[in-house]
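Visitor: I'd like a close look at one part of this model, the helix packing in one chain. Could you walk me through it, cut-offs included?

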Amino acid sequence: MIEVEDLTVRFGGVTPIDDMTVTFPGGTCGLIGPNGAGKTTFFNVLSGFVKPAAGSIRAFGEDLFKMADFRRARWGLRRSFQTEQAIRNLSVFDNVAMVHEHSGQARVSRRQDVLDALAFVGLNVSPREKAGVLGARDRRLLEVARATVGMPRVVLLDEPAAGLPAEETVHMGDVIAKIPEQFGGALVILVDHDMSLVSACCETTAVLDFGKLIASGPTAEVLRNEHVIRAYLGTEEEL
Amino acid sequence: MTRIKGMEIERDDVVRACIIAGLFALALFAVPELIGVYWVKILTAAAIYSVVALGLGLLYGRVGMVSLCQVALLAVGAWTASRLLYGTGLPFPIILLIAGLVTGVIGTVVGLPALRVSGLHLALITLMFAGAITLVLSVIHFPQGGGGFLGQLSLTELQQFRNIRRPGIATSDPAYYRYTLVVMALMFLLVLWQIASKPGRAWAAIRESEPAALAAGVNITQYKLWAFALASFVTGVAGGLLAGSAGALSPVAFPTQDSIVLLAVVLMGGIYSLWGAVVAGLLVRLLPALLENWGVSIYVSLLLFGIGVLQVLATAPGGLADQVPKDLKRLGRLLSRGFGGRADAEGPAA
């Protein structure tokens, strides 16, 4: 469970996250909102790249802001990026192994853990292949393997299916939905614009608009919420 | 443990290791028998500079941090080693180790700005460090076997000057060449080992994207400084080898601009490959000597490096170490197609 309380982020005069209070209960949670709503900024706060102006985040009972940014991976925080960041010069195996070796997991199980993570996401390429030669789908899958290796507790996925054709998005959705069960109750937060992907794998969903939380709860309910529909259609709110 | 396809050691790797071992044995045993003492000395210097190039390639090619201070750090290693070689009776390998460690510490200090700045700014700052080191050296000079911290001889003592000592097993030039080659191989193996293990993967992640490296749990500060420490360590060891090779050292041999020339040459040789460092060592020490031998001014080599680096940056970012094998393969294909084409022409028309 992740509890976010009164979180505010300011960049000069801009407030990308404005007094956000929300709880991600567990399993796979969606986080949606129009462009510029503050979703990626929220991920960057969790990763420690952005220091909030106010508020607190407790993840599984621990104060996230007390951990140095690079230590959060060891604690169990994993993430993928909107523009995928597979390391082109490393082999597929080394791409995943480098995350594992900073995760605090035992060295003896590294080989097997890495191969298991590659098998889990269904990446059917030679582990010796350089990541730079992979196609878009395989690079996206590799990133999910990197985000799930080594006992993750919180997995942040930032548009993991961006740019993928429909049937590959379906496969990605199957993989994402299986993460909590596969990795001992890890919590997944999925940011995506593809509502079919979000409704396929997220039990609960939170919606951000202009840095403010406008709805959260079971995904089906949230997607029927009229504020949410208005936010996506861009209709002006009169509250 | 289950065997996964593609994870075994492949035949190519074995073949490559055998070729490298063969070439090394050739350079170690056959080459000094075939060439004169002058060329043995030149190749010794080339081997030493290839270790310096190795350090620079590690910083720039693997981590993406540019350093224009490497030749100055070579001088620091040479200074430390020569002072210890004159002042103590410590075994030569121990002195190389100390020279490496001292240079490693100074090099790490030089690398501190890399935690905040990169690219052109880092290049400028490291160049300033190189300038400062050159300046200090021109004031304190290299040790001459005298007393005190600086080891200078007074004018009346100058006739006592003797050359910097070499290891007992390698006093002759060919033997010292072999000694240098073995130390060079050890430095390459040390760097290769680091590149192929945890630090190498962390460096690759940092070079690709610092946020992604951070998200993967890489302590960027630690790994950047480790890269500077390791690159400076091997450079310091190279400095120690240079001290024994030269016999006497002068600040004139380490001008600040040599660090810039070295970067150009390492780019030409191939910044992403360990072979590139070997090619760079040969280019920066053997090429000028060859030109001089042919009666061409050694400054022509600077012109060639300028043209070479332009060509590399424009068309072949992998440098000679990457491009030459590719070009040879292409040439082979063209030739076989040429012969194949003639064979086809004789066959029945499609």
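Guide: In chain B, helix α7 (residues 198-208) and helix α9 (residues 220-246) have axes that come within 10 Å and cross at roughly 110°. Axes here are lines fitted to C-alpha atoms, for helices over the stretch in contact, and angles run from 0 to 180 degrees between N-to-C directions. Helices are DSSP runs of H or I with at least four residues, strands are E runs of at least two, and both are numbered from the N terminus. That crossing makes α7(B) roughly perpendicular to α9(B); the bins are under 35 degrees for roughly parallel, over 145 for roughly antiparallel, 65 to 115 for roughly perpendicular, and oblique for the rest. On the α7(B) side the contact uses Pro199(B), Ala202(B), Trp203(B) and Ile206(B), and α9(B) answers with Ile220(B), Tyr223(B), Lys224(B), Trp226(B) and Ala227(B). (Contact means C-beta atoms, placed from the backbone, within 7 Å.) By class that's 8 nonpolar, no polar and 1 charged, where Ala, Val, Leu, Ile, Met, Phe, Trp, Tyr, Cys and Pro are nonpolar, Asp, Glu, Lys and Arg charged, and the others, Gly among them, polar.

Keep in mind that this is a predicted model: local features need pLDDT of at least 70, side-chain atom pairs count only at pLDDT 80 or more, and totals for chains, interfaces and linings use all residues. Residues are numbered from 1 along each chain as its sequence is written, while chains are lettered from A and ligands numbered from 1 in the order in which they are written.

Now follow α9(B) to another partner. Helix α3 (residues 70-87) of chain B packs on α9(B) at about 55°, axes 7 Å apart, which makes α3(B) oblique to α9(B). The crossing is right-handed, i.e. the near helix is turned clockwise from the far one by less than a right angle (anticlockwise would be left-handed). From α3(B) the contact includes Leu73(B), Val76(B), Gly77(B) and Thr80(B), and from α9(B) it includes Ser232(B), Gly236(B), Gly239(B) and Gly240(B). The split for this contact is 11 nonpolar, 9 polar and no charged.

Zooming out, chain B has 13 helices and 0 strands. Its radius of gyration, taken over C-alpha atoms, is 22 Å, close to the 20 Å the globule rule gives for 350 residues, so chain B is as compact as a globular protein of that length; the rule is 2.2 Å times the number of residues to the power 0.38. Among contacts in chain B between residues at least 6 apart in sequence, 76% join residues at least 24 apart.

Terms used. Two residues are in contact if their C-beta atoms, placed from the backbone, lie within 7 Å.
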